[in-house]
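Biologist: I would like to learn how to read a structure like the one you have on screen. Could you take me through it step by step?

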Amino acid sequence: MSARGKARRRALDILFEAEARSEDPRNVLAERLERAEPPVNEYTTTIVEGVCRHRSRIDELITAYAEGWTLDRMPAVDRNLLRGGTYELLWMPDVPEGVVISEWVSLASELSTDESPQFVNGLMARFKQLKPSLVL
């Protein structure tokens, strides 16, 4: 797994843990940074902080385009995969869009349900397609 792939996975871990603990992800991130076991990559910090900064818009987009699914009905892993992936896709223009989608779909394959990779891929592909028209 690439360094950025590991960073994405750690970001997902932090976002998921924060949700499970009903805590702000920045607090969980701070704990991980302080503990430094395992070390937290700068890219992980960028993703977690970006998701926090744009969370309401990210959730609004996921809600609007996830046909037949509400945020509450989605598996928590998928919700947080989509948050991290949507942030990276829409707010980090230096990262190739295809790589972003592929990496987050790969995490879905590894960590979530059998249907999750297709769901994550479809929604993120839609965001990629609509990116020029989405008001960020």
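Modeller: Let's begin with overall size. This is a predicted model, and the radius of gyration is a handy first check. A compact globule of 136 residues would have a value near 14 Å, and the protein chain has 14 Å, so the two agree. Along the principal axes, the C-alpha atoms fill a box of roughly 40 × 30 × 30 Å.

Biologist: How many helices and strands are there in the protein chain?

Modeller: There are 6 helices and 0 strands. Read along the sequence, the pattern is α-α-α-α-α-α. To see how the chain folds back on itself, look at contacts between residues at least 6 apart in sequence: 67% of them join residues at least 24 apart.

Biologist: And how do I read burial?

Modeller: Relative accessible area is the guide, and under 20% means buried. By that cut-off, 44% of the 136 residues count as buried. In soluble globular proteins, nonpolar side chains tend to be buried together. Here, the largest nonpolar core has 41 residues, and Ile 62, Leu 81, Trp 104 and Met 124 have the most contacts inside it. The elements giving two or more residues to this core are H1, H2, H3, H4, H5 and H6. H3 gives the most, with 8 residues.

Biologist: Which residues is Trp 104 in contact with, leaving aside its neighbours within four places in sequence?

Modeller: The list is Arg 8, Leu 12, Ile 47, Leu 81, Gly 84, Gly 85, Glu 88, Val 120 and Met 124. Two of those names, Leu 81 and Met 124, are also among the residues with the most contacts inside the core.

Biologist: Let's turn to H3. How do I judge the form of a helix?

Modeller: Compare its end-to-end span with what a straight helix would reach. H3 runs over residues 42-65, and its end C-alpha atoms are only 30 Å apart, short of the 34 Å that a straight helix of 24 residues would reach at 1.5 Å a residue. Now look along H3 for a bend: there is a kink of about 75°, centred on His 54. For contrast, try H6, where 15 residues reach 21 Å, close to the 21 Å expected.

Biologist: What caps the N-terminal end of H3?

Modeller: Asn 41 does, with a side-chain oxygen 2.5 Å from the backbone nitrogen of Tyr 43. Tyr 43 is also one of the buried residues of H3, a list that includes Ile 47, Val 51, Ile 58 and Ile 62. Those buried residues pack against H1, H2, H4, H5 and H6.

Biologist: Could we look at one residue that meets H3 from another helix?

Modeller: Try Tyr 87, which is found in helix H4. Its relative accessibility is 4%, so Tyr 87 counts as buried. Beyond four places in sequence, its contacts include Thr 46, Ile 47, Gly 50, Val 51 and Ile 58. The kink centre, His 54, is also in contact with Tyr 87. For a sense of sequence against space, Tyr 87 and Glu 49 are 38 residues apart in sequence and 9.8 Å apart in space, C-alpha to C-alpha.

Biologist: Is Ser 116 buried or exposed?

Modeller: Ser 116 is buried, because its relative accessible area is 1%. This serine is in helix H6, and its side chain makes a polar contact with the side chain of Asp 78 at 2.7 Å. Beyond four places in sequence, Ser 116 touches Asp 78 and Ala 108. Other buried residues of H6 include Pro 117, Val 120, Leu 123 and Phe 127, and what covers the buried residues of H6 includes H3, H4 and H5.

Biologist: Last topic: what should I check in the loops?

Modeller: Backbone angles are a good habit. In the loop between H2 and H3 you will find Pro 38, and the peptide bond from Glu 37 to Pro 38 is cis, with omega near 0°. Ala 36 lies in the loop between H2 and H3 too, and its phi is near 55°, a positive value in a residue other than glycine. With a relative accessible area of 37%, Ala 36 is partly exposed.

Biologist: Where is Ser 22 placed, and what is its phi?

Modeller: Ser 22 is in the loop between H1 and H2, with a positive phi of about 55° although it is not a glycine. At 69% relative accessibility, Ser 22 counts as exposed.

Conventions. Residues are numbered from 1 along each chain as its sequence is written. This is a predicted model: local features need pLDDT of at least 70, side-chain atom pairs count only at pLDDT 80 or more; totals for chains, interfaces and linings use all residues. Side-chain values use heavy atoms; hydrogens and water are left out. Helices (H or I, at least four residues) and strands (E, at least two) are DSSP runs, numbered from the N terminus. The expected span of a helix is 1.5 Å times one less than its number of residues. The bend at a residue is the angle between axes fitted to the seven residues ending there and the seven starting there. Buried means under 20% relative accessible area, exposed over 50%, partly exposed in between (1.4 Å probe, protein chains only). Contact means heavy atoms within 4.5 Å. A polar contact is a pair of N or O atoms within 3.5 Å; within protein, one must be able to donate a hydrogen and the other to accept it, and residues adjacent in sequence count only if both atoms are side-chain atoms. A nonpolar core is a set of buried Ala, Val, Leu, Ile, Met, Phe, Trp, Tyr and Cys residues joined through side-chain atoms within 4.5 Å. The radius of gyration is taken over C-alpha atoms; the globule rule is 2.2 Å times the number of residues to the power 0.38.
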